[in-house]
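Colleague: I would like to go through this model with you before I plan anything around it. Please take the questions one at a time.

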Amino acid sequence: MYISYGETDDFAHDGEYDSYLTSANRTDNFIKKLWNFTQQDAFYKGKTTFIITTDHGRGTEPLATWKHHGNNVKDTDEVWVIAFGDKIEAKGEILKEEQLYTNQIAASVAKLLELEIPTDSIGKPFSFIK
Ligand SMILES: [Zn+2]
């Protein structure tokens with residue numbers, strides 16, 4: 001399943017910081033509810049993995065750049081990724097140990113689904129996928 005939560009981006013572009021934060025919290029709660037459902041459902045429990053990321057960052061400059069992203073905003077190509085659940089080795093924050101790339105997500109999903117696909121053009125699975 002793929003879910004795209006775009007509300008935070010909309011509020012950021014509108015410059016509505018309070019709504020942006022409220023939306024981020026609402027999205028966190030959506031994810032929490034979905035995770036809790038999978039862990040209480042007999043079919044999904046113990047067989048579900050979440051990989052969550054963003055399609056862009058918001059830069060590393062002070063709040064002046066939080067509203068937008070793109071080629072004109074420094075470091076908006078920097079994103080985060082979090083993975084948890086079945087077949088994920090808990091390693092904590094590994095930013096300092098390993099550079100990750102978004103092109104590794106497809107390969108990671110393929111590995112989780114035990115699909116054999118060539119990884120030379122899509123990156124290698126994340127190292128924390130068992
Ligand atoms: Zn945007």
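Modeller: Helices (H or I, at least four residues) and strands (E, at least two) are DSSP runs, numbered from the N terminus. This is a predicted model: local features need pLDDT of at least 70, side-chain atom pairs count only at pLDDT 80 or more, and totals for chains, interfaces and linings use all residues. Residues are numbered from 1 along each chain as its sequence is written.

Colleague: In what order do the elements of the protein run from the N terminus on?

Modeller: The protein has 3 helices and 2 strands. From the N terminus on, their order is α-α-β-β-α.

Colleague: In which helix is confidence highest, and in which is it lowest?

Modeller: The score here is pLDDT, the predictor's confidence in each residue, from 0 to 100. The protein averages 89, and 95% of the residues score at least 70. Confidence is highest in helix 2 (residues 17-40), at 97, and lowest, at a mean of 92, in helix 3.

Colleague: What share of the residues of the protein counts as buried?

Modeller: A residue is buried if 20 or more other C-beta atoms lie within 10 Å of its own, exposed if 12 or fewer, and partly exposed in between, with C-beta atoms placed from the backbone. The C-alpha atoms fill a box of roughly 45 × 35 × 25 Å, taken along the principal axes. Of the 130 residues of the protein, the buried share is 8%.

Colleague: Why do the buried residues of helix 3 line one face of the helix?

Modeller: The buried residues of helix 3 (residues 104-112) are Gln 104, Ala 107, Ser 108 and Leu 112. Seen down the helix axis, they line one face because they fall within an arc of 140°, the arc being that of the directions from the helix axis to the C-beta atoms.

Colleague: Which strand is included in what covers the buried residues of helix 3?

Modeller: Cover is a matter of contact, and two residues are in contact if their C-beta atoms, placed from the backbone, lie within 7 Å. What covers the buried residues of helix 3 includes strand 1 (49-53).

Colleague: Where is Thr 48, and with which residues is Thr 48 in contact, leaving aside its neighbours within four places in sequence?

Modeller: Thr 48 lies in the loop between helix 2 and strand 1. Thr 48 counts as partly exposed because 19 C-beta neighbours are inside 10 Å. From C-alpha to C-alpha, Thr 48 and Leu 112 are 9.6 Å apart in space and 64 residues apart in sequence. Leaving aside its neighbours within four places in sequence, the contacts of Thr 48 are Thr 38, Gly 85 and Asp 86.

Colleague: Is Asn 103 buried or exposed?

Modeller: Asn 103 is found in the loop between strand 2 and helix 3. Apart from its neighbours within four places in sequence, Asn 103 is in contact with Ile 122 and Gly 123. Asn 103 has 12 other C-beta atoms within 10 Å, so Asn 103 is exposed.

Colleague: What separates the C-alpha atoms of Asp 10 and His 68?

Modeller: Asp 10 lies in helix 1 (residues 7-13). Asp 10 is exposed because 12 other C-beta atoms lie within 10 Å. Along the chain, Asp 10 and His 68 are 58 residues apart, while the separation of their C-alpha atoms is 9.8 Å.

Colleague: Which residue in the loop between strand 1 and strand 2 has a positive phi of about 70° although it is not a glycine?

Modeller: The loop in question joins strand 1 and strand 2 (81-85). With 12 C-beta neighbours inside 10 Å, the residue counts as exposed. The residue with that phi is Asp 75.

Colleague: What is phi of Lys 87 near?

Modeller: Lys 87 lies in the loop between strand 2 and helix 3. Lys 87 has 15 C-beta neighbours inside 10 Å, so Lys 87 counts as partly exposed. Lys 87 is a residue other than glycine, and its phi is positive, near 70°.

Colleague: Which residue with a positive phi follows helix 3?

Modeller: The phi in question is near 60°. The residue that follows helix 3 is Glu 114.
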